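Here is a short briefing to read alongside the model. Have the viewer open and follow the topics in order.

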Amino acid sequence: MRCTLRLVLVASTLLFATLTNAADGLVAIKSSHDVKATADKLESVLKEKGMTVMARVNHQQGAEKAGLELRPTEVVIFGNPKVGTPLMQCAQSVAIDLPQKALIWEDANGEVWLGYNDPQYLKSRHGIEGCDEVLGKVSGALGNFAKAATR
């Protein structure tokens, strides 16, 4: 019994470590749409919520122009100075990760995902202190945008 419990604990710890190391601060949500439709929905939701969509990068098209193949992969770049500026006031280095980006991609199994940087990852990466309220708002907003685009 004791050996079995120990084995379960070790296996659980290894599994958790693998999942957290694989994420590297990326929150990924499975989409029920293809890449283009997910990116279209995200762009629409962002604009509806008063965000500025600065660019949309289609990496698959870029690969094709270079004579290479890539599964559908797009990045939507967006932001709002009313949200980003307070983060930069807390830790100016966070500007390297702003404006926000959402990555939409099709994996090797044909499943589509929408990913974005976890604000807690940004907190850790940039040593942000005293901005938990702003980070919480950013986290909630990103989660809501992602859910709306992937449903």
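The points below go from the overall fold to the sheet, the disulfide and two buried polar residues.

This is a predicted model. The protein has 6 helices and 5 strands, and 30% of its 151 residues count as buried.

**Overall picture**

- Reading along the sequence, you will meet the elements in the pattern α-β-α-β-α-β-α-β-β-α-α.
- Among contacts between residues at least 6 apart in sequence, 66% join residues that are at least 24 apart.
- The exposed area of the protein is about 9,500 Å², and carbon and sulfur atoms supply 57% of it.

**The sheet**

- The 5 strands form an open sheet in the order S1-S5-S4-S3-S2, and the pairing is antiparallel.
- At the edges sit strand S1 (26-31) and strand S2 (52-58), each of which pairs on one side only.
- From one strand to the next, the twist averages 20°.
- As general background, strands of a sheet pair through backbone hydrogen bonds, either parallel or antiparallel.
- Strands S2 and S3 are antiparallel and pair over 6 bridges; in this pairing, Ile77 of S3 is the bridge partner of Ala55.
- Strand S3 also joins S4 through 6 bridges, again running antiparallel, with Leu103 in S4 as the bridge partner of Val75.
- Between strand S4 (residues 100-106) and strand S5 (residues 112-117) there are 5 bridges, and these two strands run antiparallel. Here Ile104 has Leu114 in S5 as its bridge partner.
- Which strand is mostly covered? That is strand S3 (residues 73-79), where 6 of the 7 residues are buried.

**The disulfide**

- The structure holds 1 disulfide, formed by Cys90 and Cys131, whose sulfur atoms are 1.4 Å apart.
- This pair links distant parts of the chain, 41 residues apart: Cys90 belongs to helix H4 (residues 81-90), whereas Cys131 is in the loop between helix H5 (119-126) and helix H6 (132-150).
- Is Cys131 buried or exposed? Cys131 counts as buried because its relative accessibility is 4%, under the 20% cut-off.
- Cys90 has a relative accessible area of 29%, so this cysteine is partly exposed.
- In general terms, a disulfide is a covalent bond between the sulfur atoms of two cysteines.

**Ser31, in an edge strand**

- Ser31 lies in strand S1 and is buried, with a relative accessible area of 8%.
- The side chain of Ser31 makes a polar contact of 2.7 Å with the side chain of Thr38.
- A polar atom of the Ser31 side chain also lies 3.1 Å from the backbone nitrogen of His33.
- Which residues does Ser31 contact, leaving aside neighbours within four places in sequence? They are Thr38, Val112, Trp113, Ala149 and Thr150.

**Asp97, in a loop**

- Where does Asp97 lie? You will find Asp97 in the loop between H4 and S4.
- Asp97 is buried because its relative accessible area of 8% is under the 20% cut-off.
- Not counting residues up to four places away in sequence, Asp97 touches Asn117, Leu122, Arg125 and His126.

Definitions and conventions
Residues numbered from 1 in each chain as written. Predicted model: local features only at pLDDT ≥ 70, side-chain atom pairs only at ≥ 80, totals over all residues. Heavy atoms only, no water. Helix = DSSP H or I, 4+ residues; strand = E, 2+ residues; numbered from the N terminus. Buried < 20%, exposed > 50% of the residue type's maximum accessible area, 1.4 Å probe, protein only. Contact = heavy atoms within 4.5 Å. Areas by Shrake-Rupley, 256 points an atom, 1.4 Å probe, with all protein chains shown as cover. Disulfide = S-S within 2.5 Å. Pairing = 2+ DSSP bridges. Axes fitted to C-alpha atoms, helices over the stretch in contact; angles between N-to-C directions. Polar contact = N/O pair within 3.5 Å; in protein donor to acceptor, adjacent residues only side chain to side chain.
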